[in-house]
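Colleague: I am new to this structure and would love a close look at a single part of it. Could you pick a stretch and walk me through how its pieces fit together?

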Amino acid sequence: MNFEDILYEVRNGVAWITINRPDKMNAFRGTTCDELIRALNKAGYDREVGCIVLAGAGDRAFCTGGDQSAHDGHYDGRGTIGLPMEELHTAIRDVPKPVIARVQGFAIGGGNVLCTICDLTICSEKAIFGQVGPKMGSVDPGYGTAFLARVVGEKKAREIWYLNKRYSGKEAEAMGLANVCVPHEQLDTTVQEWAETICERSPTAIAIAKRSFNMDTAHQSGIAGMGMYALKLYYDTEESREGVNALKEKRKPDFKKYAK
């Protein structure tokens with residue numbers, strides 16, 4: 001497979017899928033999402049692969065969500081909002097191999113959602129987690145909210161979305177968003193060790209376990225699908241556009257002037 005926005009490599013039975021847009025803080029556009037879906041399915045059904053690692057290139061960011069330079073009320077790809085987010089999130093959940101998020105820097109917005117959905121998250125002490133949607137005129141109305149509440153608890157999930165604070169790797173570990181936070185120089189070794197341990201386990205037992213975990217929240221895919229249509233309608237409003245315009249103009253957004 002030839003990829004433009006991602007890197008794909010198999011290391012001792014572990015497929016490393018890396019978003020390769022460091023100049024954009026590994027923000028994703030339509031092409032990125034399509035390639036991630038292809039790579040996840042390639043690794044997920046490759047008998048030589050026992051575990052998948054999702055990573056971001058460079059030292060600054062794991063992923064910072066949707067590329068705002070490709071967003072003007074609608075992103076540049078396919079899908080309800082111009083990004084096939086429901087399909088990408090479903091791919092992470094449905095591949096019969098555990099997916100580990102390897103977080104070395106910023107995991108913000110849609111990047112934070114990816115960490116939430118991945119089976120496991122391993123981060124370094126330089127990692128920063130958080131949501132920015134309501135500050136930008138956006139929100140994730142599916143797994144990024146409903147499933148996040150399952151991961152960190154209702155109160156913490158609401159805090160993350162309402163206040164848009166940033167959290168360190170250690171804080172993410174404490175709230176359950178990350179499994180473990182390790183010294184930065186130990187991150188890749190730890191990720192590979194965890195992944196290779198999983199590769200030694202029964203692949204069928206792991207696949208059954210993953211699907212069993214997913215069954216409890218399978219209904220949230222319906223919430224996500226409906227939510228994306230609501231988000232599309234929201235993106236067509238001046239209130240939502242105010243967030244993108246404010247970013248471009250390097251000013252604080254004024255959402256109140258659009259309040260009904």
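Modeller: Happy to! One definition comes in handy at the start: a residue counts as buried when its relative accessible area is under 20%. Please keep in mind that this is a predicted model.

Let's begin with a single residue. Thr121 sits in strand E7, which covers residues 120-124. Its relative accessibility is 1%, so Thr121 counts as buried. A polar atom of the Thr121 side chain lies 3.0 Å from the backbone oxygen of Cys115. Leaving aside residues up to four places away in sequence, Thr121 touches Ala101, Val103, Cys115, Phe129, Leu177, Ala178, Asn179 and Val180.

Now let's move along the chain to a pair of helices, H5 (residues 143-152) and H6 (residues 154-163). In H5, the buried residues are Tyr143, Gly144, Phe147, Leu148, Ala149 and Val152. A general point helps when reading such a list: an α-helix has 3.6 residues a turn, so residues three or four places apart point the same way. The buried residues of H5 pack against several helices: H2 (85-94), H3 (110-117), H6, H7 (169-175) and H10 (220-235).

One of those partners, H6, deserves a closer look. Just after H5 comes Gly153, with a positive phi of about 100°. The axes of H5 and H6 come within 7 Å of each other and cross at roughly 135°. The two helices are therefore oblique to each other, and their crossing is right-handed. On the H5 side, the contact is made by Gly144, Thr145, Leu148, Ala149 and Val152; on the H6 side, by Glu154, Lys156, Ala157, Ile160 and Trp161. By type, the residues of this contact divide into six nonpolar, two polar and two charged.

Follow the chain past H6 and you reach Asn164, in the loop between H6 and strand E9 (166-168). At 11% relative accessibility, this loop residue Asn164 counts as buried, because the cut-off for that word is under 20%. The side chain of Asn164 reaches back to the backbone oxygen of Trp161 at 3.0 Å, and Trp161 is one of the H6 residues in the contact with H5. A polar atom of the Asn164 side chain also lies 3.3 Å from the backbone oxygen of Gln131. Not counting residues up to four places away in sequence, Asn164 touches Gln131, Val132, Gly133, Pro134, Lys135 and Glu159.

Methods. Residues are numbered from 1 along each chain as its sequence is written. This is a predicted model: local features need pLDDT of at least 70, side-chain atom pairs count only at pLDDT 80 or more; totals for chains, interfaces and linings use all residues. Side-chain values use heavy atoms; hydrogens and water are left out. Axes are lines fitted to C-alpha atoms, for helices over the stretch in contact, and angles run from 0 to 180 degrees between N-to-C directions. Helices (H or I, at least four residues) and strands (E, at least two) are DSSP runs, numbered from the N terminus. Angles under 35 degrees count as roughly parallel, over 145 as roughly antiparallel, 65 to 115 as roughly perpendicular and the rest as oblique. A crossing is left-handed if the near helix is turned anticlockwise from the far one by less than a right angle, and right-handed if clockwise. Contact means heavy atoms within 4.5 Å. Ala, Val, Leu, Ile, Met, Phe, Trp, Tyr, Cys and Pro count as nonpolar, Asp, Glu, Lys and Arg as charged, and the others, Gly among them, as polar. Buried means under 20% relative accessible area, exposed over 50%, partly exposed in between (1.4 Å probe, protein chains only). A polar contact is a pair of N or O atoms within 3.5 Å; within protein, one must be able to donate a hydrogen and the other to accept it, and residues adjacent in sequence count only if both atoms are side-chain atoms.
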